[in-house]
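This report goes through helix packing, ligand surroundings and backbone geometry in turn. Please read it beside the sequence and the model.

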Amino acid sequence: MDVFEIEGSRRLSGEIEVNGSKNAALPLMAAALLTTEPITFDDVPDLSDIRNMQMLLTELGCAIERTGQHSCILHTTDTTESHARYDIVKTMRASVCVLGPLLAARGKARVSLPGGCAIGQRPIDLHLRGLEALGATFELQEGDVIGRVPGGRLRGARVFLGGAFGSTVLGTANVMSAATLAEGTTVIESAACEPEIVDVANLLNSMGAKITGAGSPRIVVEGVKELGGANHRVIPDRIEAGTLMVAAAITAGDLTITNCPLDALMAATNCLEQIGVEVRALDDESSMRARVRVQGGRAFNPCDITTQPHPGFPTDLQAQFMALLTLADGTSVITEKIFPERFLHVAELSRMGAQLFRQGPTAIVSGVRRLVGAPVMASDLRASAGLVLAGLAAEGTTRVLRVYHLDRGYEKLEERLATVGAQIKRVTVED
Ligand code: EPU
């Protein structure tokens, strides 16, 4: 098992670049199943989730050629296999994003049900409801969802994707991708507005799809008969960028973050400003790929945070901001409205001296003057990031166990943080 050993209380400074977005890359890669022409991708992060997706796509007949550390060509050459097996799906829930493309391109799909994970129950009912509206039928067999398209081609329809916790990001990607090859026009109401959806729509449009409205709650897709190849550069990862901003803040550091999707981070930067962290764009060449200077001070103000669908505060930054607010001068209230159970980091941060009280979907964070290093257990991807950030600020040594969770979403984080002054190293220990 790999462990991060962090000697805290080191101020970070220097320049650090944001990698391509994992959560955009996963549905983007699945879109390669919609065509038998090659798609070239740049800025694909080198992560275990991406490798799992490559494995899945290979099983589904898509040949993958890696042309560089962050680039690859995906080319679907064999359309006979349409089964996303439990072995892969259980390691990566996002495997479900092959469902829409398979139904649209092959008229059938068998995808193992992902089940829950550390952050909650995570059903896929909205994905199925949306695809059913386009004419697919589903049955459940041995834990797999088996989808069929009577007549072989989906039909455009009006689809409502709102659920108890808002819209669904991957559900929107699934329905939007499927609708590109449907007969007629699809209108998706209550679509997810996340930047990753815009990126998927941009790729699909360059493949020949006719999508308008991506990034708003109403997406219109005019179906076409076929899609072709394309070249695509994945957007930078807004969650990695937000995590690096907190790294600067929590160490009273001074980081220049490049390739930073500032436009996609309004809620997070607004909180940072309330907390007293200076966030300044150094150029305005492209606000999705900006150079941003983030400077933390010695004292932080408290800040109340409620996670919401984009453009609200992202659930994927909740743990990292909680780590920061443990050191604020006062009390903050953090409410989780997307995954109400996503609080496994609370107990671990408490081991480092944080004063936290959780009740239901809310955590009360009473700021303390210092955190102290401790062995802590990573439980999911973003909780791990929160623990690493706390370790960077804490006095003494923090050991973050089970960093394989972190490796799912942050490429060589320890090496990159070390280049800006963190004392952090990866060690392998007996499990
Ligand atoms: N939901 C339903 N029914 C569904 C789908 C979702 O009730 O059919 C609920 C979920 O349980 C949750 C809410 O709707 O309460 C939002 O879930 P969503 O479907 O939007 O999540 P997702 O698409 O499965 C993506 C990201 C997550 C991120 C969420 C929310 C990827 C690969 N994953 O998941 O990222 O937290 O959107 O923004 O894009 C992460 O990167 O650490 C991560 C978990």
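Helix α10 (residues 318–325) packs against helix α12 (residues 381–393) at about 25 degrees, their axes being 7 Å apart. The model is predicted: local features need pLDDT of at least 70 and side-chain atom pairs pLDDT 80 or more, while totals for chains, interfaces and linings use all residues. Residues are numbered from 1 along each chain as its sequence is written, and side-chain values use heavy atoms, with hydrogens and water left out.

Helices (H or I, at least four residues) and strands (E, at least two) are DSSP runs, numbered from the N terminus. Axes are lines fitted to C-alpha atoms, for helices over the stretch in contact, and angles run from 0 to 180 degrees between N-to-C directions.

α10 and α12 are therefore roughly parallel to each other (angles under 35 degrees). On the α10 side, the contact (heavy atoms within 4.5 Å) is made by Ala319, Gln320 and Ala323; on the α12 side, by Arg382, Ala383, Ala385, Gly386, Leu389 and Ala390. By class, this contact of α10 with α12 has six nonpolar, two polar and one charged residues. Here Ala, Val, Leu, Ile, Met, Phe, Trp, Tyr, Cys and Pro count as nonpolar, Asp, Glu, Lys and Arg as charged, and the others, Gly among them, as polar.

The axes of helix α1 (residues 22–30) and helix α2 (residues 48–59) come within 10 Å and cross at roughly 5 degrees. That makes α1 roughly parallel to α2. Lys22, Ala25, Leu26, Met29 and Ala30 of α1 meet Asp49, Ile50, Met53, Gln54 and Leu57 of α2. The contact of α1 with α2 divides into seven nonpolar, one polar and two charged residues.

Around the ligand there are 24 residues (a heavy atom within 4 Å), of which Leu126, Thr168, Asp316, Ile338 and Arg382 come nearest. Arg382 also belongs to the α12 side of the contact with α10. The table gives polar contacts of the ligand (pairs of N or O atoms within 3.5 Å).

| Ligand atom | Protein partner | Distance |
|---|---|---|
| nitrogen | aspartate 125, side-chain N or O atom | 2.8 Å |
| oxygen | valine 169, polar backbone atom | 2.8 Å |
| oxygen | aspartate 316, side-chain N or O atom | 2.6 Å |

Two backbone features remain. Most residues other than glycine have a negative phi, and most peptide bonds are trans. Histidine 310 and proline 311 are joined by a cis peptide bond, with omega about 10 degrees; proline 311 is in the loop between β18 (305–306) and α10. Glutamate 142, not a glycine, has a positive phi of about 50 degrees, and lies in the loop between β8 (137–141) and β9 (144–148).

Notes: Parallel < 35°, antiparallel > 145°, perpendicular 65-115°, else oblique. Polar contact = N/O pair within 3.5 Å; in protein donor to acceptor, adjacent residues only side chain to side chain.
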